[in-house]
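Let's take a walk through this structure, from its overall layout down to a few individual residues. Keep the viewer open as you read.

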Amino acid sequence: MKVLLIWPPYQRLMGYSFVYYPVGISYISGTLRKAGHESFVYNMNVPAPGEPELPREGSRQRFVALLDDDACPVWQELRQVLREQKPDMVGISTMTIFAASARRISRIVKQECPDAWVVWGGPHPTSCDEEVLRGDSVEFCARREGEETMLELVNALAGGLRGDFSSIPGLSWRSPEGKCVHNPDRTLIKSLDEMPHPDKDNVVLREYYQTSHFNNVFTARGCPFKCNFCAQDKVWTRVIRYRSLASIKDEIDTLVDRYGFTQINFMDDTFTADKKRTREISQYMKSKKLTWNNYTRADCLTEDLVKEMADCGCTEIGLGLESASEGMLKHLVKDESVEEIERAMRWCQDAGMVLHMFVMTAIPDETQEDFDKTLAFMKRFKNVDWSFGLFGPLPDTGLYDIAVDRGLAPVDVNWEAISRSEEGFELRRTKHFDQEGIQRNLNRLIRYKKWDDFNRLPLSGKLAKIQKRFFRFKSGVQT
Ligand code: B12
Ligand code: SF4
């Protein structure tokens, strides 16, 4: 069977570039190919060379308008790919924010390739299979880990199975009467080493990519922690499964030999959850003279480990702060203290790593005092790359239930409708703030980040910025 695996466009429809090679569907492609099927990975979020970047202002409105605009080049490109590829099946990887975009793709598939089956996989259909299958144009949802479910489905369809798919664990499917049938869950793959490495060869429109886009590696699946805003456990449960060092080495060697990479991005949720293993991987990276980065938690670091990682080429690290209020960390079930996070941040900075920190506001119970603590905390640090955003509830998570409980989010959410609304997912109000109050705090974060970014520029960059500002002021140009 010929399968086209798609990562939906999101930022590209908003008018700016954001490229992440989709690892989930590339694992699925590797598995299908190993079993003798033909499959391709098509990341619709990668802009074509020369595609213009548009201003961030109004980008969400642009996204909503383009979703239904058939003249949009992104949809025209999809039609062209479908006509050339003629797939028997299209698999779409879907986070909740992509649901509307994935629906548009599914409808275009039905117009261009009316006989092709459409299957969604990823976090959104794992939580919202009923909602996905209620709409037209999608026959199947593969819930949770997708490799084995997808392979069994493709084999079954290739073997002529029709009408009753109840024998495939992990699958939800639309019955001939239009109902969602929810097969029992599939057990997780026992040994991750048995899986082929992600397929980075069979890529549609490869000329759109730069080689550096392919340097993402996962060394494990799952995260044992319980943060209540996070939905990772819906796909992975709270079990963490590790690949063996031999398998990781093999993938890294292949990437280095094939693409000449000198830098690897480890994308695991909590890269340092097992310290002994982190040390082994670090030493291997050192022996290969590679630089690398990773995401983890403050309480999964020690000073010695940070030093060793830095000595072994780890140049960047990402940690979640979320909030610098102890009360908020409890509200979020982070199971970490502000002190622990602060200590780990200092270790990373002392070791010379670039530190990326994640913060959120508009959390259901956040007070002005909580927010002020967070901003004051941020101001105490120099040379941190801060990312921040407004909290948006995700399906099937504890913090969504709390938002419902406080009357801040509706009980019956149509997530797909939200994913195509101009408002998006963020809460319009919280227990202590109306929309204006939320915006005021967000603006304070934005202003601080601009000021902080400016301060981090070398002197020549600062002068160039001041000159640009002055010119804008003189010419009356508003930006
Ligand atoms: C890397 C990552 C990112 C990256 C890149 C994301 C991107 N744009 O591609 C960054 C850091 C930018 C990011 C950002 C966001 N992310 Co993110 N991210 C992840 C992370 C850590 C790993 C994703 C991944 O590659 N996993 C590895 C592969 C192997 O797993 P997978 O993709 O899930 O695929 C497997 C299964 O899901 C399934 N499957 C997936 N697709 C398909 C398709 C088919 C056809 C089939 C059969 C099966 C299948 O099979 C695969 C193999 O087993 C996950 C958490 C996690 N551990 O998975 C969160 C996660 C996916 N992100 C999440 C969210 C919410 C976001 C944001 C919206 C957060 C925000 N508020 O800004 C943003 C926006 C994304 C964007 N703008 O594009 C949520 C999604 C929950 C949901 N219900 O939608 C997750 C689960 C984490 C969380 N916070 O709960 N993210
Ligand atoms: S540590 Fe990170 S990945 Fe794990 S549950 Fe918390 S937010 Fe999610």
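The domain assignment splits the protein chain in two: domain 1 covers 2–182 and domain 2 covers 215–468. Keep in mind that this is a predicted model. Computed between their C-alpha centres, the two domains sit 27 Å apart. They do touch: 19 residues of domain 1 are in contact with 17 residues of domain 2. On the domain 1 side, helix H3 (59–67), helix H5 (99–112) and H6 each supply at least two residues. H6 gives the most to that side, with 5 residues. By class, the side of domain 1 that touches domain 2 has 10 nonpolar, 4 polar and 5 charged residues.

Now for the ligands. Ligand 1 has 37 residues around it, and the closest are Gly24, Gly91, Ser93, Gly121 and Gly146. Several elements give two or more residues to this shell: helix H2 (23–34), strand E3 (89–93), strand E4 (117–121), helix H6 (123–134), helix H7 (147–158) and helix H8 (232–236). H2 gives the most, with 5 residues. In chemical terms, the shell around ligand 1 divides into 22 nonpolar, 12 polar and 3 charged residues. Where does ligand 1 lie with respect to domain 1 and domain 2? Both domains give residues to its shell, so ligand 1 lies between them.

Ligand 2 has its own set of surrounding residues: Cys223, Phe225, Cys227, Cys230, Gln232, Asp269, Thr270, Arg297 and Gly320. That shell divides into 4 nonpolar, 3 polar and 2 charged residues.

Back to domain 1, this time for its strands. Strand E1 (residues 2–7) has 5 of its 6 residues buried, so E1 is largely enclosed by the rest of the structure. E1 runs parallel to strand E2 (residues 38–43), and 6 bridges join the two. Within that pairing, Val3 has Ser39 of E2 as its bridge partner. E1 also pairs with E3 in the parallel sense, over 4 bridges, and there Ile6 stands opposite Ile92.

Ile6 is worth a second look. The largest nonpolar core has 48 residues, and Leu5, Ile6, Val90 and Val119 are the ones that touch the most other members. Setting aside neighbours within four places in sequence, Ile6 is in contact with Tyr42, Met44, Val90, Ile92 and Ile105. There is also a second, separate core of 29 residues, which includes Ile281, Val306, Cys312 and Ile317.

Two of the contact partners of Ile6 turn up again around Leu78, a residue of helix H4 (residues 73–85). Is Leu78 buried or exposed? Leu78 counts as buried because it has 23 C-beta neighbours inside 10 Å, and the cut-off for that label is 20 or more. Beyond its neighbours within four places in sequence, Leu78 is in contact with Met44, Ile105 and Ile108. Leu78 and Val109 are 31 residues apart in sequence, yet their C-alpha atoms are 8.7 Å apart in space.

Next, find the open sheet of 6 strands with the order E8-E11-E12-E13-E14-E15 and parallel pairing. Strand E8 (216–217) and strand E15 (384–390) stand at the edges with a single partner strand each, so one side of each has no neighbour in the sheet. The partnership between strand E14 (residues 354–361) and E15 is parallel and spans 7 bridges. In it, Leu355 stands opposite Val384 of E15.

Finally, a pair of backbone oddities. Most residues other than glycine have a negative phi. Val333 is not a glycine, but has a positive phi of about 50°. Ala362 has a positive phi too, of about 65°, and is not a glycine either. Val333 lies in the loop between helix H12 (326–331) and helix H13 (338–350), while Ala362 is in the loop between E14 and helix H14 (368–379). How do their surroundings compare? Val333 counts as partly exposed because it has 15 C-beta neighbours inside 10 Å. Ala362, with 23 other C-beta atoms within 10 Å, is buried.

Methods: Residues numbered from 1 in each chain as written. Chains lettered and ligands numbered in written order. Predicted model: local features only at pLDDT ≥ 70, side-chain atom pairs only at ≥ 80, totals over all residues. Near = placed C-beta within 6 Å. Nonpolar A, V, L, I, M, F, W, Y, C, P; charged D, E, K, R; others polar. Domains from an automatic or database assignment. Contact = placed C-beta atoms within 7 Å. Pairing = 2+ DSSP bridges. Core = buried A, V, L, I, M, F, W, Y, C linked by C-beta atoms within 7 Å. Buried ≥ 20, exposed ≤ 12 C-beta atoms within 10 Å, placed from the backbone.
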